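Open the model in a viewer and keep the sequence panel beside it. The stops below each give a selection and then what is found there.

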Amino acid sequence: MTPQEAVATLEAAHESRPGSRQPMIINLGPQHPSTHGVLRLITELDGEVIRDIHPVIGYLHTGIEKQCENKMYWQAITLVTRMDYLASFFNIHAYTAAVERLLELEIPERAEYIRVIMSELNRIASHLVWLGTSGLELGALTVMFYTYREREKALDLCEMISGERMNYRYFQVGGCSDDMPPGFEQRLRAFIDEMPARIDEYEGLLTENPIWVDRTKNVGVLPAEQLIDLGVTGPALRAAGVDLDLRKTTPYSGYEHFDFNVPLGTRGDAYDRYTVRIREMRESVRIIGQALDGMPEGGHIADDRKVVLPPRGELATSMEALIHHFKLVTEGFRVPEGEAYYSVESPRGELGCYVVADGSPKPRRVHMRDPSFVNLQALRPMARGSYLADLITMIGSLDNVMGGVDR
């Protein structure tokens with residue numbers, strides 16, 4: 001809805017009810033720093049109270065899903081990493097696993113464990129960005145310096161294993177592009193040994209801080225039934241007491257082998273969303289430790305030369321390997337006709353990928369279920385009747401990433 005359309009709607013309502021009080025309309029965004037990306041909120045106000053809001057999205061739309069249809073399956077991985085740019089490992093995990101399901105390709109257990117490790121490290125890094133920026137928006141500047149200190153270490157580890165600090169192309173169809181490099185395990189163990197004390201520091205700054213508590217408790221409350229009706233998942237739903245986590249309910253990539261808890265809230269307000277994410281970081285640390293301790297032997301990628309590139313060392317000695325490499329890079333691999341959906345538990349909730357194959361080297365259709373897009377629907381009912389100052393808290397507590405919303 002444009003501002004003109006909003007004004008026209010309000011004027012029509014005013015004419016139908018002569019004497020009624022007209023609200024003031026203001027624009028929040030699309031470039032406002034508290035809108036977490038490029039999001040515009042046409043906001044109707046009665047004094048300081050929000051009568052209604054009208055989210056306007058699409059400013060970051062790049063047609064990623066459509067572009068995937070013009071790329072070979074292995075090329076599309078580069079595109080999907082860029083949707084939720086704070087959770088790239090989850091984007092490519094859902095996409096590659098959906099393609100693997102169509103191919104009926106068996107993934108080595110070691111590759112699955114490495115995927116779990118990198119996903120949980122990505123979850124910690126994403127939650128740290130959320131915590132730092134949410135604190136900043138409410139005037140708690142120090143917590144941002146604290147959280148970005150650990151986030152940099154997490155990104156260093158991601159760079160060490162994948163060569164990139166963002167938009168990782170590390171997960172491939174069939175497994176991972178390479179094994180853990182020398183020294184990676186030691187640095188990762190040092191990181192997870194350090195994190196519990198660091199999380200204690202974040203809690204020391206915020207958990208009992210009276211300003212933080214006043215600004216987040218009983219703010220942005222929606223009952224669990226309404227959240228479920230809207231399709232909300234992830235920490236925003238679990239904060240309302242709903243025990244739904246895909247890693248537990250429909251385990252994938254070997255999550256059933258790990259001992260961890262699913263943190264839940266009780267009130268479903270912004271404070272509960274904070275505590276759920278804080279506790280989730282502690283559980284991610286536990287999962288990474290268990291995955292390192294139980295890391296299976298074997299390869300980091302499947303040994304199917306029709307789908308997976310041969311080891312680089314064979315290219316100089318094997319003509320057959322050279323031919324496979326050339327054909328895979330130039331022609332791609334063909335996926336049997338069919339359709340598949342695969343979902344993972346991202347930092348913001350259920351992130352799913354739906355792929356339709358027509359037997360060619362390119363997908364006929366790729367569609368993502370991004371939790372940021374679905375969860376954003378909760379903002380409007382959450383905001384009605386609330387104070388404008390609390391709108392910032394609500395947006396932050398939902399942790400939407402606009403790259404995932406618009407795609």
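**Stop 1: a surface patch**

Select Met166, which is partly exposed at a relative accessible area of 39%. This is a predicted model. Met166 sits in the loop that runs between helix 6 (141–162) and strand 4 (171–172). Add Leu60 and Tyr85 to the selection: together with Met166 they make up a nonpolar patch on the surface, with about 230 Å² of accessible area between them.

**Stop 2: the same loop, a charged pair**

Stay in the loop between helix 6 and strand 4 and select Arg165, then Glu152 in helix 6. The two form a salt bridge, with 2.8 Å between the closest N and O atoms. The partners are 13 residues apart in the chain. Arg165 is partly exposed, at 26% relative accessibility, and Glu152 is also partly exposed, at 36%.

**Stop 3: helix 5**

Select residues 109–137, which are helix 5. The helix has 29 residues and spans 42 Å from its first C-alpha to its last, close to the 42 Å expected at 1.5 Å a residue. Is helix 5 largely enclosed, or largely open? Of its 29 residues 26 are buried, so the rest of the structure largely encloses helix 5. Just after the helix, select Gly139, where phi is positive at about 95°.

**Stop 4: the nonpolar cores**

Now select Tyr95, Met118, Leu121, Leu131, Leu188 and Phe333. These residues have the most contacts inside the largest nonpolar core, which has 86 residues. Helix 5 gives the largest share of this core, twelve residues. For a closer view, centre on Met118 and show what it touches: Phe89, Cys158, Ile161, Tyr170, Phe171 and Phe184, leaving aside residues up to four places away in sequence. Another core, of 26 residues, lies apart from this one; Ile50, Ile53, Leu222 and Met394 are among its members.

**Stop 5: a buried salt bridge**

The whole structure holds 35 salt bridges. Select Asp84 and Arg348, whose side chains meet in a salt bridge at 2.8 Å, N to O. Which parts of the chain does this pair link? Asp84 is in the loop between helix 3 (73–80) and helix 4 (88–103), while Arg348 is in the loop between strand 6 (338–346) and strand 7 (349–357), 264 residues away. Asp84 counts as buried because its relative accessibility is 0%, and Arg348 is buried as well, with a relative accessible area of 1%. Now show the surroundings of Asp84. Apart from residues up to four places away in sequence, Asp84 touches Asn91, Arg348, Asp370, Val401, Gly403 and Gly404.

**Stop 6: a mixed pair and a network**

Select Arg267 and Asp269, a salt bridge with its closest N and O atoms 2.9 Å apart. Which burial class does each partner fall into? Arg267 is partly exposed, with a relative accessible area of 34%, whereas Asp269 is buried, at 0% relative accessibility. To finish, select Glu120, Arg123, Arg238, Asp245, Arg247, Glu280 and Glu345 as one group: salt bridges with shared partners join these residues into one network.

Notes
Residues numbered from 1 in each chain as written. Predicted model: local features only at pLDDT ≥ 70, side-chain atom pairs only at ≥ 80, totals over all residues. Heavy atoms only, no water. Patch = residues over 30% accessible without salt bridge, like charges linked within 9 Å, V, L, I, M, F, W, Y side chains within 5 Å. Areas by Shrake-Rupley, 256 points an atom, 1.4 Å probe, with all protein chains shown as cover. Salt bridge = Lys/Arg side-chain N within 4 Å of Asp/Glu carboxyl O. Helix = DSSP H or I, 4+ residues; strand = E, 2+ residues; numbered from the N terminus. Buried < 20%, exposed > 50% of the residue type's maximum accessible area, 1.4 Å probe, protein only. Expected span 1.5 Å × (residues − 1). Core = buried A, V, L, I, M, F, W, Y, C linked by side-chain atoms within 4.5 Å. Contact = heavy atoms within 4.5 Å.
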